[in-house]
Amino acid sequence: MKNSVLELYTRIFPGSPRFLVRSPGRVNLIGEHTDYNDGFVLPLAINYAVWIALSPLDENRVELYSGDFDQQLGFDLGEIRNRKETWLEYIKGVAAHLINKGFNLKGFQGVIQSNLPIGAGLSSSAAIEMAAVKAFSGVSGFSIGVKEMALVGQKVENDWIGVNCGIMDQLISAGGVRDHAVFIDCRSLDYRPIRIPGNALIAILDTATRRELAHSAYNERRRQCEQAARFFNIASLRDLSLELFLENRSKLDITVGNRALHVISENQRTRLTTEKLEENDLKAAGKLLVESHRSLRDLYEVSSPALNQISEAALASRGCYGARMTGGGFGGCAVALVDANKAENFQEDLYRLYRNVSGLEPKIYLSSAVDGTELITV
Ligand code: ADP
Ligand code: MG
């Protein structure tokens with residue numbers, strides 16, 4: 001990727017670039033639908049990334065060519081308007097929010113090249129936001145911490161793009177740690193790297209289906225969680241113990257109770273997974289992934305036939321410790337914890353089993369955990 005983005009730069013602009021930025025996508029290992037309940041998540045940065053090669057410009061302008069869209073676009077830093085039209089909005093949104101925070105931005109010209117699938121749920125949008133922050137920090141000569149970067153990206157996504165996301169995607173893209181997943185407390189934003197045993201790989205399994213009706217279902221789940229929290233007179237389900245919940249469950253609407261039980265148990269599973277990984281107990285960690293999937297399927301009801309089929313196909317494949325749907329649900333990807341020594345067997349089995357049962361061709365992305373967004377001076 002590094003060479004191909006450098007080469008792309010020299011094809012589009014004269015001279016060679018001054019900086020390179022690598023900004024990874026992410027997958028969430030466990031902790032699903034817990035973020036908006038102030039709970040815990042355990043994502044990792046993956047070795048598929050958005051790259052930018054760039055050089056400072058004397059003018060107060062940004063000129064960018066995206067190899068993935070085969071399109072060159074630009075804007076003046078002096079007058080940034082939200083047009084909600086192209087991929088450039090992510091860069092403009094980052095610039096506008098950084099300027100708002102008082103950063104003095106310089107212009108640059110650059111190219112974007114990515115091997116992160118777009119719109120597949122691996123958060124290419126967070127990756128490009130974090131890449132843009134680092135690109136501006138490089139040419140403008142300021143430094144910015146991981147949490148602050150993530151908050152800028154989340155604001156861009158919420159206010160500029162209009163996507164109501166939490167902080168996880170940006171925080172893990174910017175703050176990923178090589179060979180570690182990162183345990184994030186979505187209330188305090190404190191985070192802690194958790195080592196993934198060296199003999200394990202992460203497999204991301206794309207069902208080749210995309211979510212439908214996800215928006216209304218998501219809003220409905222959020223309302224149900226808030227309803228449960230109100231019943232217990234707490235700020236969010238994060239604050240509810242399993243004991244207190246079970247004592248009072250019968251007074252709750254059955255569906256609302258199911259939703260709450262998922263969130264409470266998922267928070268516990270996420271914590272437990274960190275312990276099991278730290279004990280090198282991949283079997284136990286894998287079992288927790290399977291329990292998470294069942295809970296998302298039966299209690300939270302956000303899985304889909306394809307997500308169930310691919311998770312089951314993964315479990316029946318050689319070298320698999322555990323698998324579950326990942327992301328919002330209703331389509332997209334599953335994640336599996338795989339024995340690194342059996343990665344080829346796993347891929348072979350998964351491909352065949354999923355295709356036989358679903359008639360669809362899965363895409364498989366094998367990854368280790370990598371470092372977050374980095375700026376390289378060329
Ligand atoms: P996801 O984050 O799941 O990949 P989104 O719809 O949130 O999907 O974000 C995808 C958008 O991010 C693209 O439509 C594009 O605007 C922007 N983007 C991602 N990768 C690139 C790229 N390589 N070049 C330009 N824009 C990109
Ligand atoms: Mg996105």
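Contact is taken here to mean heavy atoms within 4.5 Å. In this predicted model, the domain assignment divides the chain into domain 1, made up of residues 2-193 together with 371-377, and domain 2, which covers residues 200-367. By the contact criterion, 28 residues of domain 1 touch 40 residues of domain 2, while the centres of the two domains, taken over C-alpha atoms, are separated by 27 Å. The area that domain 1 and domain 2 bury between them amounts to about 2,900 Å², of which 61% lies on carbon and sulfur atoms.

Polar and charged pairs also link the two domains. Between domain 1 and domain 2 there are 22 residue pairs in polar contact, both residues of each pair being at pLDDT 80 or more. On the side of domain 1 that touches domain 2, at least two residues each are supplied by β1 (19-28), β2 (40-41), β3 (43-56) and β7 (180-185), and the greatest contribution is that of β3, with four residues. The residues on this side of domain 1 comprise 14 that are nonpolar, nine that are polar and five that are charged.

Side chains of opposite charge can pair when their charged atoms come close. Four salt bridges are counted between domain 1 and domain 2. A salt bridge also joins the side chains of Arg-192 and Glu-278, with an N to O distance of 3.4 Å. For the model, the count of salt bridges comes to 25. Among them is the pair formed by Arg-22 and Glu-374, in which the closest N and O atoms are 2.9 Å apart. This pair connects distant parts of the chain, since Arg-22 belongs to strand β1 and Glu-374 to strand β13 (residues 374-377), with the two positions 352 residues apart in sequence numbering.

Ligand 1 is surrounded by 15 residues, the closest of which are Ser-66, Asp-68, Gly-119, Ser-124 and Ser-125. Two of the polar approaches to the ligand involve side chains: a nitrogen atom of ligand 1 is 2.9 Å from an N or O atom in the side chain of Ser-66, and a nitrogen atom of ligand 1 is 2.8 Å from an N or O atom in the side chain of Asp-68. At Gly-119, by contrast, the partner is a polar backbone atom, which is 2.8 Å from an oxygen atom of ligand 1.

How values were computed: Residues are numbered from 1 along each chain as its sequence is written. Chains are lettered from A and ligands numbered from 1 in the order in which they are written. This is a predicted model: local features need pLDDT of at least 70, side-chain atom pairs count only at pLDDT 80 or more; totals for chains, interfaces and linings use all residues. Side-chain values use heavy atoms; hydrogens and water are left out. Domain bounds come from an automatic or database domain assignment. Buried area is the accessible area (1.4 Å probe) that two parts lose on being put together, summed over both. A polar contact is a pair of N or O atoms within 3.5 Å; within protein, one must be able to donate a hydrogen and the other to accept it, and residues adjacent in sequence count only if both atoms are side-chain atoms. Ala, Val, Leu, Ile, Met, Phe, Trp, Tyr, Cys and Pro count as nonpolar, Asp, Glu, Lys and Arg as charged, and the others, Gly among them, as polar. A residue is near a molecule or strand if one of its heavy atoms lies within 4 Å of it.
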